[in-house]
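Visitor: I would like to learn how the labels on a protein model are earned. Could you take me through some of them?

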Amino acid sequence: MRHLRAERGQATVDYVALLALLAVLLAAAAAGTAIGAPGVANAVLGQLRRALCLVSGGPCPLAASDPCTVASRRDARHVAVDLGIVRLDETRVVLRERLSDGTIRLTVSWRDGAGVEAAAGGEAKVDVRGHEIGFDREARAGAPGVLGHGEVYYARGERAADALLRELRRAPAGSDRPRASEVFTEGGVRGLARVDAGASHALGGRLGGLAEATLGVRHDRRSGELTVALTAGGGASGLVSIAVGGEAGDLDGDAVLGLTLDRGHRPVALTVSAAGTVAAGATMPSGIAQALERAADPVKQGSAGGRRWEFGARADLTDPGIARAWKAFRRSPASPVAIRALGEQLRDHARLDVRSYRLDNSSSRVGAEIALGLKLGGEYEHAIDRSRLLAAATRPPFGLWEARLDCLA
């Protein structure tokens, strides 16, 4: 009995010592925050969370940041044919990204669409690098299905990437093609509506909308992880706004939710990604701008025209709060209560990343169509988009926004 009392007494002393250590760490974190050093505060808080995790006896993996995309070139070619009420289209994209660790990531994707579309009016247009010749007086609506697939490759340096691209062009299919590091497939339905009234009409301008519901699966052959991705729907902008702590503005499409499974097909992480484009003369959405300004050079953020921003969140599904919010969102993805609850959990418990890029776009397009219910015609478009990283910020769970110095070096 005396031995047991001694052990209990020693345990009490150990816990008191642990609490004293935590108090010192919290004081250090507060001091780091006071002098404007978010990196110091995040490091201290990170070690504090890890210490508490180790004491609880659970698995305590070290969170690692993925490298940033510091520059990219996207080459997209799109062909479409309209035959009566049937529309067929094909898009091929080659995306070349230079990552902050010196690696080049090449993504080659194909996307086919087929569906029913009704239209009235006509179009005959040539667009070369932003200079249009022709006319466009058309109203159309449709709901085509889409099916796509792609491959992701990694190369060490620009020369290796050039050699890999040449090899991919020589072997478009078959056993001679290099083995991809990642493969993905996606499918879904796209809803399209457009009314072009022309500048001379009282209505003026163009009214349009594009809604898309897709489901995708990505397999990382290196880690064995499988990610199931789906669009967040109408609540996407609100979800991102709550998570980032301010307005996210209009998105380029919907936010994408990803559920990552490990090699044993156990759910391990929830990811959210979204992006938006800011036209020349416009301002960055408040939530995105605040995150970048707290961590990046304000000179780089002085002009928001011609920019693209990207948002990403990764949360551990072993966190009970994240798991509950995700389950509620899956049951009611359009519920404002479920959207807010998931956004708040991501805001507090997820690792958040925000980046901004300078954009340079060029495109050429040629097409001719005529429609009166039934539509005949076709179009071809070739677009090249280039981007360069301007600012990158990250915020660990319960931490502070800080610059991604590894990306900006």
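Guide: Gladly. Start with Y380, which lies in strand β12. Keep in mind that this is a predicted model.

Visitor: Why is Y380 called partly exposed?

Guide: Its relative accessible area is 33%. Buried means under 20%, and exposed means over 50%. The value for Y380 is 33%, so Y380 counts as partly exposed.

Visitor: What makes Y380 part of a nonpolar patch?

Guide: A patch residue needs over 30% relative accessible area. Y380 has 33%, so Y380 passes that cut-off. Its partners in the patch are V79, V81, L83, V86, L88 and L376. Together the patch residues have about 560 Å² of accessible area. Two or more residues come from each of β1, β2 and β12. The largest share, three residues, comes from β1.

Visitor: How do you know that R73 and D75 form a salt bridge?

Guide: Look at the distance between their side chains, 3.7 Å from N to O. The limit is within 4 Å, so the pair counts as a salt bridge. The structure holds 20 salt bridges.

Visitor: Are R73 and D75 buried or partly exposed?

Guide: R73 is partly exposed, at 33% relative accessible area. D75 has 13%. Under 20% means buried, so D75 is buried.

Visitor: What makes D162 and R96 a salt bridge?

Guide: Their N to O distance is 2.8 Å. That falls within 4 Å, so the label fits. The pair links distant parts of the chain: D162 is in helix α3, R96 is in strand β2, and they are 66 residues apart.

Visitor: Why is R96 called buried?

Guide: R96 has a relative accessible area of 19%. The cut-off is under 20%, so R96 is buried. D162 has 32%, so D162 counts as partly exposed.

Visitor: Which residues are linked with R96 in a network of salt bridges?

Guide: R98, E158 and D162 are linked with R96 in that network.

Visitor: How do you know that R111 and E186 tie together separate parts of the sequence?

Guide: First, their side chains meet in a salt bridge, at 3.3 Å from N to O. R111 lies in strand β3 and E186 in strand β6, so the pair ties together parts that are 75 residues apart in sequence. E186 is partly exposed, at 27% relative accessibility.

Visitor: Now a pocket. What makes up the lining of the second largest pocket, by class?

Guide: Six lining residues are nonpolar, none is polar and seven are charged. The pocket holds about 290 Å³ of space. Of its 13 lining residues, the closest to the centre are D75, R92, V94, L165 and R169. The elements that give two or more residues to the lining are β1, β2, β3 and α3.

Visitor: What makes the phi of H265 worth a look?

Guide: The phi of H265 is near 60°, a positive value in a residue other than glycine. Most residues other than glycine have a negative phi. H265 is in the loop between β9 and β10. F398 also has a positive phi, near 65°. F398 sits in the loop between β12 and β13.

Visitor: Why is H265 called exposed?

Guide: H265 has 55% relative accessibility. Exposed means over 50%, so H265 counts as exposed.

Definitions and conventions
Residues are numbered from 1 along each chain as its sequence is written. This is a predicted model: local features need pLDDT of at least 70, side-chain atom pairs count only at pLDDT 80 or more; totals for chains, interfaces and linings use all residues. Side-chain values use heavy atoms; hydrogens and water are left out. On a 1 Å grid over the protein atoms alone, a cavity is a set of points where a 1.4 Å probe fits but cannot get out, and a pocket is an open set with protein on both sides within 12 Å along at least five of seven lines; lining residues have an atom within 4 Å of a point. Grid points are joined across faces, edges and corners, and a volume is the space filled by probe spheres set on the points. Helices (H or I, at least four residues) and strands (E, at least two) are DSSP runs, numbered from the N terminus. Ala, Val, Leu, Ile, Met, Phe, Trp, Tyr, Cys and Pro count as nonpolar, Asp, Glu, Lys and Arg as charged, and the others, Gly among them, as polar. Patches are made of residues with over 30% relative accessible area and no salt bridge: like charges are joined within 9 Å, nonpolar side chains (Val, Leu, Ile, Met, Phe, Trp, Tyr) within 5 Å. Accessible areas come from the Shrake-Rupley method with a 1.4 Å probe; for residues, only the protein chains shown count as cover. Buried means under 20% relative accessible area, exposed over 50%, partly exposed in between (1.4 Å probe, protein chains only).
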